[in-house]
Amino acid sequence: MAALCSEFGDLVQIKKQLISVISLCKERGLVHSVKWASELAFALEPLPKNDLPPPAVFTEEDCQDLDAFGLAKSYFDLKEYDRAAYFLRGCRSQKAYFLYMYSRYLSGEKKKDDETVDSLGPLEKGQVRNEALRELRVELSKKHGAGELDGFALYLYGVVLRKLDLLKEAVDVFVEATRALPLHWGAWLELCNLITNIDMLKALTLPDCWIKDFFMAHVYTELQMIKEALQKYQSLIEAGFSKSTYIISQIAVAYHNIRDIDQALALFNELREQDPFRIENMDTFSNLLYVRTMKPELSYLAHNLVEIDKYRVETCCVIGNYYSLRSQHEKAALYFQRALKLNPRCLGAWTLMGHEYMEMKNTSAAIQAYRHAIEVNKRDYRAWYGLGQTYEILKMPFYCLYYYRKAHQLRPNDSRMLVALGESYEKLTQQVEAKKCYWRAYSVGDVERMALLKLAKLHEQLNESDDAAQCYIIYIQDVFSCGEQLEHAEVSTALRYLGQFYFKNKLYDEASLCAQRCCDYNDAREEGKALLRQISQVRDQTEASSTDLFGPLSSNNTPVRRVSPLDLSSFTP
């Protein structure tokens, strides 16, 4: 933290750098980098007139290319990329060269997207390629070898390499781009998207600049290292960026990723107050509203975004979530398809569309959608998990195991992945592995409260009655200590088993208590009464009065276990 604060000691200097880089990116048509830097600059105090950075120095080549560059930039802004490239083809300045190459790249991308939308259905595997990429790679490679590329041109070279799936070379070039021009956020973001694990991140030699902290926080979020990401963002807020809507949105996304729904919702609501016309990240906000089944809020958000811009990817995803919550799955899938027509690389839309096809029992379409999501981002655990669920429906446990393992690797502390893995192992009769998964799921915090039950039932099947009883005891104590309703789905199952278990072990006080509790549940009432009758027949009249087994079930708050605690350590991976 101290190191971070020293880097951010001179916020005036940072503001000057941001103003300079905004101007440089604006000239080159790098609109997303302009937006990011502008949002960050807006979060800092305005500079006095005397502190404003001087305009960029013109070179002789810049002066010669001035008219052609001005004309080409006007065409570029109107998305007439071929026309812009035509008028820049003889220019020699670095700025004009970048715009010339960038125009050619965007022209190829636009033609590819148009052809994709025209010729392909929503789930077809697109073989349409940007035809300009190979030529651009050859030309940029020559200049790169001669050391003639500036930071912006290196960034474009990296993008071309990534599009051609030359990922290792792309990483090296993006690192070079960040070193040549540390303040260009676009290069950092592209690099972030190529980092697959923490070891790869540590191996990179990155420039020591304040922007690196924003990059590290972003990478941590992407790699699901949420604790580290939140620490970084908190440090950035304390360093002077407390008004940054970018940081608020990133923290909200981080909380969404660890399913801290209350915190995430509070931050998104704060973001909406500060920036009411914002569309970015609103699809994530809608996911949270969907999970909480907040129909009126989701409806309001969808209507609001339609008024702002109904042809944005995020808007289509929000409307899709709204229809999904209303169980109108065909309409929901239609809107996710619309989102993908606007941006075929929209990860969330592919994953959500997979969910909709699952709801419609169209497993082959769901599998295709999830596979597309993985192609867009191999780190998307939801797509791997969705594939596992799809193959579970198809009763193909070996496939399930593969996909659930992938999801678990991405979310090692998510109990849902571990429970799913345990179920797959159980179906493949690998009981030892299944036990490990269920116990681990309980240890990391079982969000769905299913792991202990599944572990107990597995012990039951294997006739390991002591272990099963121990799991049921912990399960019941957890349910009651959380103050949950006694109608919790499987409490009666646990009480029924424990009643019989204690009866067989001649622990009649505990058996009686469990039998009495069984009478609170419709599905276990008859068995509870029958057990009480059995106990009364064999019980010694001189036996001491019943002592409570579960603290919360009586006035005695100190739980007394009549079964000695059983050792589950052998099942801990």
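# Briefing: rings, pockets and repeats

W439 and Y442 sit 3 residues apart, about one turn of the helix, and both belong to α25 (residues 431–443); helices here (H or I, at least four residues) and strands (E, at least two) are DSSP runs numbered from the N terminus. This is a predicted model, where local features need pLDDT of at least 70, side-chain atom pairs count only at pLDDT 80 or more, and totals for chains, interfaces and linings use all residues. Residues are numbered from 1 along each chain as its sequence is written, and side-chain values use heavy atoms, with hydrogens and water left out.

**Aromatic pairs**

- Rings of Phe, Tyr and Trp (its six-membered ring) pair if their centres lie within 6.5 Å; planes under 30 degrees apart count as stacked, over 60 as edge-to-face and the rest as tilted.
- By that rule there are 29 aromatic pairs.
- Y322 and Y323 make a tilted pair, at 5.5 Å centre to centre with 55 degrees between the planes.
- Both Y322 and Y323 are buried, where buried means under 20% relative accessible area, exposed over 50% and partly exposed in between (1.4 Å probe, protein chains only).
- Back in α25, W439 and Y442 are a tilted pair too, with 5.3 Å centre to centre and 40 degrees between the planes.
- W439 has a relative accessible area of 13%, so it is buried, while Y442 is partly exposed at 24%.
- One aromatic cluster is formed by W36, W185, W210, F214, F241 and Y246.

**Charges over rings**

- A charge sits over a ring if NZ of Lys or CZ of Arg is within 6 Å of the ring centre and within 35 degrees of the ring normal.
- R338 lies over the face of Y335, 4.7 Å from the ring centre.
- K406 does the same kind of thing over W384, at 5.4 Å from the ring centre.

**Annotated repeats**

- The unreviewed UniProt entry carries the annotation "repeat: TPR" on residues 313–346 and 347–380; positions are in the numbering used here, feature names are shortened, and annotations may be inferred rather than shown by experiment.
- Residues 313–346 are 79% helix and 0% strand, and the end C-alpha atoms lie 8 Å apart.
- For residues 347–380, the figures are 79% helix, 0% strand and 8 Å between the end C-alpha atoms.

**The cavity**

- On a 1 Å grid over the protein atoms alone, a cavity is a set of points where a 1.4 Å probe fits but cannot get out, while a pocket is an open set with protein on both sides within 12 Å along at least five of seven lines; lining residues have an atom within 4 Å of a point.
- Grid points are joined across faces, edges and corners, and a volume is the space filled by probe spheres set on the points.
- Searching the whole structure turns up 1 cavity of 30 Å³ or more, and the largest cavity has a volume of about 50 Å³.
- Its lining consists of L495, R496, G499, Q500, C514, A515, C518, E527, G528 and L531.
- Two or more lining residues come from each of α28 (491–504), α29 (508–518) and α30 (525–538), and α28 has the largest share with 4.
- By class, that lining has 5 nonpolar, 3 polar and 2 charged residues; Ala, Val, Leu, Ile, Met, Phe, Trp, Tyr, Cys and Pro count as nonpolar, Asp, Glu, Lys and Arg as charged, and the others, Gly among them, as polar.

**The second largest pocket**

- The second largest pocket holds about 670 Å³ of space.
- Of its 26 lining residues, Q224, Q409, L410, R411 and P412 lie nearest the centre.
- At least two lining residues each come from α13 (226–241), α23 (397–410) and α24 (415–427), with α23 giving the most, 3 residues.
- The class split for this lining is 9 nonpolar, 8 polar and 9 charged.

**Backbone and contact oddments**

- R259 isn't a glycine, yet has a positive phi of about 60 degrees.
- R259 lies in the loop between α14 (245–257) and α15 (261–274) and is partly exposed, with a relative accessible area of 38%.
- N281, likewise not a glycine, has a positive phi near 70 degrees.
- N281 is in the loop between α15 and α16 (282–291) and counts as buried at 15% relative accessibility.
- T178, in α9 (residues 167–180), is buried with a relative accessible area of 0%.
- T178 and P207 are 29 residues apart in sequence but 6.8 Å apart in space, C-alpha to C-alpha.
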